[in-house]
Amino acid sequence: MSNKTVLTSAVALVALAAALSGASAQTMPATVDEPVTITYYNYNLAAAGMGADATRQMIADFEAANPNITVNAVGVQSTEMVSRTQADLAAGIGPDVTQTVFDDLAYTIDNFGAVALEDIVPAEELAAHFEGMSENGLELGRLDGKTYALAYTFSTPVLFYNADIFRQAGLDPDQPPRTWDEVREMGLAIEENTDAEAFEAAIVGAGSGGDDWILQSVILSNGGRTLSEDRTTLTFAEPEAVAAVQMMRDLYDTGVYSAGDFTSAVEGMASGNLAMYLTSSVMQAYLIAGAEGNFELRSAAMPGFGDRPASPTNSGSGLVIHTSDPLKQRAAWELMKFMTSREAYTIITSQIGYVPLRTDIVTDPAYLAGWVEEHPLVQPNLDQLDRLEPWVAYPGPNYRQINSLMMDAMEMAVFGGADVQATLADAQANAQALMP
């Protein structure tokens, strides 16, 4: 690519961002009194097993309740959301609203004219909609004190386990592991006394899908971080983080932690060949279907270190407004309100598997009370909301390369036989050079 092309692209993006931020200062109308169409990029629509039908139904219900608003809903894979949004905004063809994964949020704010809700929505209206929502959940979509993403679909790490295998190994299924030391002890008993694999986790390696959200949970639970609180310095090679990774290495070295890929781990758990699996709670429906009539599937909270409670982070997404048009902003905000309503979260939790940000509906018979009673596996996910920590998004345009360097180093440290501290320190130095 020539210097001229790079300069032209940079100027175009800067002009786009300036136009978006300047126009967003206009006051949006209080209601939508004329026909308007908004384009909505949603990654649940891109995969049938991730709630596509439920999402389409919610959009149809929204349009029925808002006859002036037409939603052009487009399925976009979560891994392609940034590149698709960048290309289409530069071409002037949308989107107006996106379902943005939280680790893409900082880049989205800096480059795609993401609109802070506090800048366009009247304060009383915003406060009224936030009432009853998990404050820890709302915090996930905030940066520098403003809400750029309205937390929408998300989950925490849950330890699914096979109660039948626990019994075969001489373990009490009513006492699942609460700490990583207990995961090791119980895993060794399972390896010694059964034919099952003991433990898998979507933490590092192929099983993580490249995401670091559960890894961040493990490191946070040991008092560490992957990024300093002022967002300037990577810290995944600090002593607390190294000790957490060394724990995973020890699990692997003792034969407790298997280094399978995502597909083998999920299928192993669903088929009854894996005893424990730490993964997103959104896998619940698939695992229940596999276990039904075959074995007793249970769930527990994410393990911690010693007496220190685990500090779960989250996977998932928030809804982000990109449009600078005041009428479309109002339409987009109405869609966001609908998709994060009590009615919507009843569908999102019961049909897709995500945590309801409106926790009061869990005990309300009009919404989720009956469903939660029939589906106790969701309870650890709900209990962990009180300890929820944000999934940290790395700053700058190189955030994905930073994450890749870190995750590759983690895989070598846990599964590749490399020295844990030296491997992480080297990767941190290389990744720090990519920080803004």
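**Close-up views of a predicted model**

**View 1. Threonine 346 sits in helix 15, which spans residues 342–352.** The model shown here and in every other view is predicted. Threonine 346 has a relative accessible area of 16%. Buried means under 20%, so threonine 346 counts as buried. Its side chain has a polar atom 2.8 Å from the backbone oxygen of arginine 342. Leaving aside residues up to four places away in sequence, threonine 346 touches Ile361, Tyr367 and Leu368.

**View 2. Threonine 349 also lies in helix 15.** Is threonine 349 buried or exposed? At 3% relative accessibility, threonine 349 counts as buried. Which backbone oxygen does the side chain of threonine 349 reach? That of tyrosine 354, at 3.0 Å. Tyr354 is also among the residues that threonine 349 touches, once residues up to four places away in sequence are set aside. The others are Val355, Pro356, Leu368 and Trp371. Leu368 thus appears in two views: it touches threonine 346, and it touches threonine 349.

**View 3. Helix 10, residues 213–221, is mostly covered.** How many of its residues are buried? The count is 9 of 9. The run starts with Trp213, Ile214 and Leu215. Gln216, Ser217 and Val218 follow. Ile219, Leu220 and Ser221 complete the list of buried residues. Just after helix 10 comes glycine 223. Its phi is positive, at about 85°.

**View 4. Tyrosine 152 lies in strand 6, which covers residues 150–155.** Tyrosine 152 has 0% relative accessibility, so it counts as buried. A second residue to find here is methionine 412. Tyrosine 152 and methionine 412 are 260 residues apart along the chain. Their C-alpha atoms are separated by 34 Å.

**View 5. Aspartate 110 is found in helix 4, residues 105–111.** Is aspartate 110 buried or exposed? Its relative accessible area is 53%. Exposed means over 50%, so aspartate 110 counts as exposed. Its partner in this view is glutamate 292, 182 residues away along the chain. The C-alpha atoms of aspartate 110 and glutamate 292 are separated by 46 Å.

**View 6. The whole chain puts the close-ups in context.** The chain has 19 helices and 11 strands. Its C-alpha atoms fill a box of roughly 70 × 55 × 35 Å along the principal axes. How does the radius of gyration agree with that of a compact globule? For 436 residues, such a globule would have a value near 22 Å, and the chain has 22 Å, so the two agree. Buried residues make up 57% of the 436 residues. Among contacts with a separation of 6 or more, 77% join residues 24 or more positions apart.

**View 7. The surface and the charges of the chain.** The accessible surface comes to about 17800 Å². Carbon and sulfur atoms account for 49% of that surface. The chain carries 20 positive and 57 negative side chains. The centres of these two sets lie 5 Å apart.

Note on methods
Residues numbered from 1 in each chain as written. Predicted model: local features only at pLDDT ≥ 70, side-chain atom pairs only at ≥ 80, totals over all residues. Heavy atoms only, no water. Helix = DSSP H or I, 4+ residues; strand = E, 2+ residues; numbered from the N terminus. Rg over C-alpha atoms; globule rule 2.2 N^0.38 Å. Buried < 20%, exposed > 50% of the residue type's maximum accessible area, 1.4 Å probe, protein only. Contact = heavy atoms within 4.5 Å. Areas by Shrake-Rupley, 256 points an atom, 1.4 Å probe, with all protein chains shown as cover. Lys, Arg positive; Asp, Glu negative; His and termini not counted. Charge placed at Lys NZ, Arg CZ, Asp CG, Glu CD. Polar contact = N/O pair within 3.5 Å; in protein donor to acceptor, adjacent residues only side chain to side chain.
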